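This report describes the fold, strand pairing and residue environments of one protein chain. The sequence and coordinates are shown first.

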Amino acid sequence: MGEELKLQVGVKIFLKNQDGKYLVVRRNEEKYPEIGAKWDIVGGRINPGSTLMENLQREVIEETGLEIKDEIKLITAQDILKTNKHVIRLTYTGLADGEVKLSDEHSDFKWLSLEEIKKLEPLDYYVKKVLEHFSI
């Protein structure tokens, strides 16, 4: 028998600041050598037993020190199919407040327009797909 497929749920967010720019973070290559130093948006896997919003707030605070300050809006759900896992990734948009204080998960950050993010390389594949197909 093959290995059992694991189901995971992830939450991500396009955080917008008062200037209308969105936060992108660069993965720390030393911490994530299998992914590399790709640009991404904030988020992560949920902890079962906590709501999606609690998980999203936790990830935002842990990774950036920011707080989500407004009603957030669900943009899309994506299937990420790997050999041994199936990740459902929910992507949101919302306003952020505070000063960015990166965790060791990321090595850099930028506030950019959506057009600037589309041109950013290397950009996470699933972020790229959201920008190509959905209105933020």
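From the N terminus on, the protein chain follows the order β-β-β-β-α-β-β-β-β-α-α, where helices (H or I, at least four residues) and strands (E, at least two) are DSSP runs numbered from the N terminus. The radius of gyration, taken over C-alpha atoms, is 15 Å and close to the 14 Å that the globule rule gives for 136 residues, so the chain is as compact as a globular protein of that length. That rule is 2.2 Å times the number of residues to the power 0.38.

The model is predicted: local features need pLDDT of at least 70 and side-chain atom pairs count only at pLDDT 80 or more, while totals for chains, interfaces and linings use all residues. Residues are numbered from 1 along each chain as its sequence is written, and side-chain values use heavy atoms, with hydrogens and water left out.

The C-alpha trace spans about 55 × 30 × 30 Å along its principal axes. Of the 136 residues, 40% are buried, that is, under 20% relative accessible area (exposed is over 50%, partly exposed in between; 1.4 Å probe, protein chains only). Among contacts (heavy atoms within 4.5 Å) with a separation of 6 or more, 67% are between residues 24 or more positions apart.

Strand β1 takes part in two pairings, listed below; two strands pair if DSSP finds at least two bridges between them.

| Pair | Sense | Bridges | Example of bridge partners |
|---|---|---|---|
| β1 (residues 6-16) and β7 (residues 85-97) | parallel | 11 bridges | Gln8 and Val87 |
| β1 and β4 (residues 42-45) | antiparallel | 4 bridges | Gly10 and Arg45 |

In a regular strand, side chains alternate between the two faces of the sheet.

Two further strand residues illustrate opposite environments. Is Ile68, in strand β5 (residues 67-68), buried or exposed? Ile68 counts as buried because its relative accessibility is 11%. Leaving aside residues up to four places away in sequence, Ile68 touches Ile13, Leu15, Leu56, Gln57, Val60 and Leu95. Its C-alpha atom lies 20 Å from that of Val130, a residue 62 residues away in sequence.

Leu81, by contrast, lies in strand β6 (residues 73-81) and counts as exposed because its relative accessibility is 61%. The C-alpha atoms of Leu81 and Leu7 are separated by 9.6 Å, although these residues are 74 residues apart along the chain.
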